[in-house]
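Colleague: I haven't looked at this one before. Can you walk me through it?
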Amino acid sequence: MAIDLPRSRRGSREGATDGRAGEDRSVVAGLDALDEAPLLPPRSGPVRVFVGSVLPPLIFLALLVGVWQLAYVARIKPPYALPGPSQVAQTFWETVQDGRAFDAIWTSLSRGAFGFVLSLAVGTLLGLAMWASRWLRAAVGPIVSGLQSLPSVAWVPAAIIWFQLSNAAIYTVVLLGAVPSIANGLLSGMKQVPPLFDRVGRVLGLSTLGRIRYVLLPAALPGYLGGLRQGWAFAWRSLMAAELITYSPKLGLGLGQLLNIGRELSQMSLVITSIVLILLVGIAIELLVFAPLERSVLNRRGLTATR
Amino acid sequence: MTAHALTVDSATAPDATAAPAVSVQGVSQVFTRGGPPVLQGVDLTVAPGEFVCLLGASGCGKSTLLNLIAGLVSPTAGRIEVSVERPALMFQEPALLPWLTASGNVELALRARGVARAARKAEAERLLEVVNLAGQGGKRVHELSGGMRQRVALARALAQDSSVLLMDEPFAALDAITRDVLHQELTRVWAEQKLSVVFVTHNVREAARLGQRVVLMGSRPGRIVREWRVDIPQPRTIEAPDVSALAGRITRELHKEISRHGH
């Protein structure tokens, strides 16, 4: 028996040393086997995933469209203001077929991605600087946190006056929207690193840079990821606001501009189509980029309670 | 100072003539200016290859003394000399980095020591074998039990390749069976690698089970009250009569020391 420690040891004292070492090893192996972290419940099958997380939003969506159809039939608003689901579906399909939908998505998404990467670089550097310098944190911290709650659309008039109707104006607004979230996310992630980890780095004899690179930054990753996710959401919102206002032929056709066309033509079905497209991009980025990234980071650290 | 000359174990007897592994001379420590001293006039010498247990009630400053020896804090007064540049240190918590595997944690210590990338993997595997974790290097920290984590931490401490190992109540959070096993592992590794160990604990039996010398610390201010030479040869067991008898004597002394503060 693996647990019968005293007897096995007492016997071993008189016995040969090899026998004792062997017994100790088997006790260790038995303990390890018994002590292993409890197995997680098995991953749910495709049917359960479908019933559990795909079906509910689909049912809710169907209900929403049903209510919409009822409102349309009841003529709560005149048809030009509230078109029915079928009309919107038709406009949606036309927009997809004539390529405007993909053009607009591509224009906005590439703009958003570029703006986000720019914000990532600036926000990360700002976050690191704020972490490293107590003075900078005290000086800049309140403004950065304040900027987080300032709707970045407020910067659009200023950006247009500085940069006219140009991409530079759009990126200015995106940066001012995303940088504070990313910097604050990194900073709070680094502040939440248990001091014990830093002591480990010191005890092992890592240099300051080594401790940042191998201990602090990886430890801060979950908080940083949260900041990135919020930063992207803010960048995307700011981009839509900027595109909606800075309408100019030389800026190309983004989703915000598509939305503006719908408003100027008083074509409500195009307005709704644009909103749906903006929403779809947001959901796709969340499901395809941030959710898997976060899951893999948390899983690796054993931080997820359920899979 | 009382000697318990039961049997002299010449194989593990510390070499008193060589330069000490750790030398603490007249060390005092004050954390707040003008505040009460946490340590006062502490003298402690650890010979190369010696296993010393620092025993005391919680709050007596034994962890502070260990941090001073580790060089994480500088003493307010006194001198501390350690024979190696950087002693290895184990905490009460395994303190493994959760984004790395067991092997990755050991490899980080090797990287800090400047071991070439190519050699790290094999060396980490060898060290995990030393603590009976052969083939478990690929596991994530959260997949390991408490005892296994503490063994990975021991492997990481060994990866520092320091002849001085400082341990701060490393087994306090473990269950009795696992602790028994780790006591065996530690004494085996200590003898094999000829380490000098300073082992902080508040568990009298653990101190009597492990140490060649048990040093009792008193509280407020933290200072050394008494010490015992333990000549019971290893391998000992925690329930062996001579170990229990010694633990009884030390406990009485500890109780006397603690009750001085009750008035």
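Modeller: Start with the surface of chain A, keeping in mind that this is a predicted model. V47(A), V49(A), F50(A), V51(A), V54(A), L58(A), F60(A), L61(A) and L64(A) make up a nonpolar patch there.

Colleague: How much accessible area does the patch have together?

Modeller: About 820 Å².

Colleague: And which helix does L61(A) lie in?

Modeller: Helix α3 of chain A, which covers residues 46–73.

Colleague: Changing topic: how much do chain A and chain B bury between them?

Modeller: About 3400 Å², with 62% of it on carbon and sulfur atoms. Chain A puts 31 residues into the contact and chain B puts in 37 residues.

Colleague: How many salt bridges does the rule find across that interface?

Modeller: The count is 0 between chain A and chain B. For polar contact, the rule finds 5 residue pairs across the interface, both residues being at pLDDT 80 or more.

Colleague: Which helices of chain A supply at least two residues to the side that touches chain B?

Modeller: α1 (5–14), α2 (17–35), α9 (195–204), α10 (208–245) and α12 (268–300). The most comes from α2(A), with 8 residues.

Colleague: What kinds of residues are on that side of chain A?

Modeller: They divide into 16 nonpolar, 3 polar and 12 charged.

Colleague: Back to salt bridges. How many are there over all chains?

Modeller: The structure has 16. One of the pairs is E294(A) with R229(A), whose side chains meet at 2.8 Å, N to O.

Colleague: Why does that pair tie together parts that are apart in sequence?

Modeller: E294(A) is in helix α12 of chain A and R229(A) is in helix α10 of chain A, so the salt bridge joins parts 65 residues apart in sequence.

Colleague: What does A291(A) touch, leaving out residues up to four places away in sequence?

Modeller: R229(A) and E286(A). A291(A) is in helix α12 of chain A.

Colleague: What separates the C-alpha atoms of A291(A) and R229(A)?

Modeller: A distance of 9.2 Å, with the two residues 62 residues apart along the chain.

Note on methods:
Residues are numbered from 1 along each chain as its sequence is written. Chains are lettered from A and ligands numbered from 1 in the order in which they are written. This is a predicted model: local features need pLDDT of at least 70, side-chain atom pairs count only at pLDDT 80 or more; totals for chains, interfaces and linings use all residues. Side-chain values use heavy atoms; hydrogens and water are left out. Contact means heavy atoms within 4.5 Å. Buried area is the accessible area (1.4 Å probe) that two parts lose on being put together, summed over both. A salt bridge is a side-chain nitrogen of Lys or Arg within 4 Å of a carboxyl oxygen of Asp or Glu. A polar contact is a pair of N or O atoms within 3.5 Å; within protein, one must be able to donate a hydrogen and the other to accept it, and residues adjacent in sequence count only if both atoms are side-chain atoms. Helices (H or I, at least four residues) and strands (E, at least two) are DSSP runs, numbered from the N terminus. Ala, Val, Leu, Ile, Met, Phe, Trp, Tyr, Cys and Pro count as nonpolar, Asp, Glu, Lys and Arg as charged, and the others, Gly among them, as polar. Patches are made of residues with over 30% relative accessible area and no salt bridge: like charges are joined within 9 Å, nonpolar side chains (Val, Leu, Ile, Met, Phe, Trp, Tyr) within 5 Å. Accessible areas come from the Shrake-Rupley method with a 1.4 Å probe; for residues, only the protein chains shown count as cover.
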